[in-house]
Amino acid sequence: MTGKTTLKKQREIKRQWYLFDAKKYVLGRLSTRVARLLTGKQHVDYTPNVDMGDFVVIVNAPKIIFTGRKLDQKKYHSFSGYPGGIRTVSLKTMLSTNPERVIYEAVRNMLPKNKLRAKQLRRLKILKTDAHKFKIDKNMD
């Protein structure tokens with residue numbers, strides 16, 4: 001007799017809280033680690049169609065590290081759908097006005113483009129300072 005495959009149900013999932021300090025990470029490397037935690041790929045019983053991810057708190061968002069000349073060269077584009085409605089913002093401007101958005105967009109683009117992405121992103125908490133009120137299980141510093 002062979003082993004039986006079991007699928008996790010939503011109510012059986014035990015979620016943990018992870019804390020990352022952004023001043024110790026490069027943006028891309030932090031984003032990939034966070035995306036893996038949000039999808040739940042670190043669990044032994046990972047199932048792609050079940051939302052198994054954990055909670056992630058990122059502190060010190062404005063102090064994230066960038067390599068090369070990304071501050072000058074990287075651009076963020078948004079389009080309203082109307083003619084002439086494209087908006088372009090540089091990374092340097094975005095980092096000074098809304099540093100949480102820089103990390104959020106990097107993590108968002110690394111998650112699978114499916115119906116689970118919105119649920120997974122709700123478990124991502126990004127803060128400007130290192131003061132938070134969350135109960136952290138694992139410190140990833």
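These are my notebook entries on one protein chain, looked up in a predicted model.

**Entry 1. Overall layout**

I started with the chain as a whole. I counted 5 helices and 6 strands in its secondary structure. Going along the sequence, I wrote the order down as β-α-β-α-β-β-α-α-α-β-β. I then took the box along the principal axes, and the C-alpha atoms fill roughly 60 × 40 × 30 Å. Of the 141 residues in the chain, 37% are buried. I also looked at contacts between residues at least 6 apart in sequence, and 69% of these join residues at least 24 apart.

**Entry 2. The largest nonpolar core**

Next I asked which residues touch the most other members of the largest nonpolar core. They are Phe20, Val34, Ile58, Ile103 and Leu124, out of 27 residues in that core. I traced where the core comes from: strand 1 (17-21), helix 1 (27-39), strand 2 (55-59), helix 3 (91-97), helix 4 (99-110) and strand 5 (124-126) each supply at least two residues. Helix 1 gives the most, with 6 residues. I note the general background that nonpolar side chains tend to be buried together in soluble globular proteins.

I followed Ile58 outward, leaving out residues up to four places away in sequence. Its contacts are Phe20, Ala22, Leu30, Val34, Ile103, Leu124, Lys125, Ile126 and Leu127.

**Entry 3. Val56 in strand 2**

I looked up Val56, which is placed in strand 2. Its relative accessibility is 0%, so Val56 counts as buried. Beyond its neighbours within four places in sequence, Val56 is in contact with Tyr18, Phe20, Val34, Leu37, Leu38, Arg123, Leu124 and Lys125. I also checked a distance to Gln16, which is 40 residues from Val56 along the chain. The C-alpha atoms of the two are separated by 8.4 Å.

**Entry 4. Helix 1 against helix 4**

Two packed helices are described by the angle and the distance between their axes, so I looked up both. The axes of helix 1 and helix 4 come within 9 Å, and they cross at roughly 55°. Angles from 65 to 115 degrees would count as roughly perpendicular and angles under 35 degrees as roughly parallel; helix 1 and helix 4 are therefore oblique to each other. The crossing of helix 1 past helix 4 is right-handed.

I then asked which residues of helix 1 meet helix 4. From helix 1 they are Leu27, Gly28, Ser31, Thr32, Val34, Ala35 and Leu38. The residues they meet in helix 4 are Val102, Ile103, Ala106, Val107 and Met110. By type, the contact divides into 9 nonpolar residues, 3 polar and no charged.

**Entry 5. Two residues of helix 4**

I picked Ala106 in helix 4. Is Ala106 buried or exposed? Its relative accessibility is 15%, and under 20% is the cut-off, so Ala106 counts as buried. Outside its neighbours within four places in sequence, Ala106 is in contact with Leu27 and Ser31. I also took the C-alpha to C-alpha distance from Ala106 to Arg69, which is 17 Å for a sequence separation of 37 residues.

I then looked up Glu100, also found in helix 4. Not counting residues up to four places away, Glu100 touches Ala61, Ile126 and Lys128. For Glu100 and Ala61, which are 39 residues apart along the chain, I noted 5.8 Å between the C-alpha atoms.

**Entry 6. Two loop residues**

I checked the backbone at Asn60, in the loop between strand 2 and helix 2 (70-73). Phi of Asn60 is near 60°, a positive value in a residue other than glycine. Most residues other than glycine have a negative phi. Asn60 counts as buried because its relative accessibility is 5%.

The last residue I looked up was Leu127, in the loop between strand 5 and strand 6 (138-139). Its relative accessible area is 21%, so Leu127 is partly exposed. Residues up to four places away aside, Leu127 touches Val57, Ile58, Val59, Asn60, Ala61, His132 and Phe134. I ended with Leu127 and Ala22, which are 105 residues apart along the chain and have their C-alpha atoms separated by 9.6 Å.

How values were computed
Residues are numbered from 1 along each chain as its sequence is written. This is a predicted model: local features need pLDDT of at least 70, side-chain atom pairs count only at pLDDT 80 or more; totals for chains, interfaces and linings use all residues. Side-chain values use heavy atoms; hydrogens and water are left out. A nonpolar core is a set of buried Ala, Val, Leu, Ile, Met, Phe, Trp, Tyr and Cys residues joined through side-chain atoms within 4.5 Å. Buried means under 20% relative accessible area, exposed over 50%, partly exposed in between (1.4 Å probe, protein chains only). Helices (H or I, at least four residues) and strands (E, at least two) are DSSP runs, numbered from the N terminus. Contact means heavy atoms within 4.5 Å. Axes are lines fitted to C-alpha atoms, for helices over the stretch in contact, and angles run from 0 to 180 degrees between N-to-C directions. Angles under 35 degrees count as roughly parallel, over 145 as roughly antiparallel, 65 to 115 as roughly perpendicular and the rest as oblique. A crossing is left-handed if the near helix is turned anticlockwise from the far one by less than a right angle, and right-handed if clockwise. Ala, Val, Leu, Ile, Met, Phe, Trp, Tyr, Cys and Pro count as nonpolar, Asp, Glu, Lys and Arg as charged, and the others, Gly among them, as polar.
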